[in-house]
Amino acid sequence: MPIEEAQALRSARLAALREECAQLWGNWPTELTLEIGCGHGHFLTAYAQAHPKEHCLGVDLLADRIARARKKATRAGLANLAFFHADAGLLLEALPPAVRLTRVFVLFPDPWPKRRHHKNRILQDPFLQQLAGRAGQGALLCFRTDYEPYFREVETLLATHSAWRPVGAPWPFEFETVFQSRADAHHSLLAKAAGPPP
Ligand SMILES: C[S@@+](CC[C@H](N)C(=O)[O-])C[C@H]1O[C@@H](n2cnc3c(N)ncnc32)[C@H](O)[C@@H]1O
């Protein structure tokens, strides 16, 4: 696809997402819990039920997964929960400017095991910087995977990261995701945001 066409598509998608945001909650909260790659929404629905005072947003690239997640949210009758069909990076751009992330869950992200595909892993420096730019000071990033090489890579990255520092806090909420139920074991990592630049 020619670059101009790709840019025009991206701009149109961003505008549509901003409109979707505007329609979602008339009065947006200033604090948001975000799940990236939420799949069918099992985890975030249980989380939103257990944390009725938090506004929770799940995002996933796959439309059918978001359709199922939305059905769950509707069935549960939760006003503090919503799901968006979008790329996580574009959603971060589309969120109202005053919104700060307080908790971010990235649970069993696609591991991209082949070396030539590592560039597709979502938890890399550019995305961690973008996420930190939308995170309030002390925001918690909660990462879990069953793919040890990916875990070690993120662990190494966060050990010296400028915007996130690993913390030894307990995992904030347990509820098995679909991919977790298929895994023999998993690794978890928590990191806190230093806060957006002044
Ligand atoms: C391996 S699945 C895990 C789903 C769920 N978290 C679980 O544990 O069952 C990874 C999910 O991340 C989604 N995903 C991948 N890249 C994404 C992106 N850039 N933005 C939003 N979702 C993404 C995929 O569509 C997929 O549903």
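## A walk from the sheet to the ligand

Start by selecting helix α2 (residues 42-50), which lies across β1 (31-36), β2, β3 and β4 (100-107) and runs at about 175° to β2. Keep in mind as you go that this is a predicted model.

Next, add helix α3 (residues 63-76) to your selection. This helix also packs on the sheet, where α3 touches β2 and β3, and its direction makes about 165° with that of β3.

Now hide the helices and look at the strands. In which order do the 7 strands of the open sheet stand? Reading across, you meet β3-β2-β1-β4-β5-β7-β6, and the pairing is mixed. Colour β3 (81-85) and β6 (164-167) to mark the edges: each has a single partner strand, so one side of each is left without a neighbour in the sheet. Turn the view to follow the twist, which averages 20° from one strand to the next.

Stay at the β6 edge and bring in its partner, strand β7 (residues 187-193). β6 and β7 pair in the antiparallel sense over 4 bridges. For a landmark here, click on W164, which stands opposite A193 in β7.

Finally, move to the ligand and show the 20 residues around it. Label G37, G39, A88, F108 and T177, the ones that come nearest. Then colour the shell by character: you will find 12 nonpolar, 4 polar and 4 charged residues.

Which elements each supply at least two residues of this shell? Select β2 (56-60) and α7 (178-182) to see them. The largest share, 3 residues, comes from α7, while β2 takes you back to the strand that helix α2 runs at about 175° to.

Conventions. Residues are numbered from 1 along each chain as its sequence is written. This is a predicted model: local features need pLDDT of at least 70, side-chain atom pairs count only at pLDDT 80 or more; totals for chains, interfaces and linings use all residues. A residue is near a molecule or strand if its C-beta atom, placed from the backbone, lies within 6 Å of it. Ala, Val, Leu, Ile, Met, Phe, Trp, Tyr, Cys and Pro count as nonpolar, Asp, Glu, Lys and Arg as charged, and the others, Gly among them, as polar. Two strands pair if DSSP finds at least two bridges between them. Axes are lines fitted to C-alpha atoms, for helices over the stretch in contact, and angles run from 0 to 180 degrees between N-to-C directions. Two residues are in contact if their C-beta atoms, placed from the backbone, lie within 7 Å.
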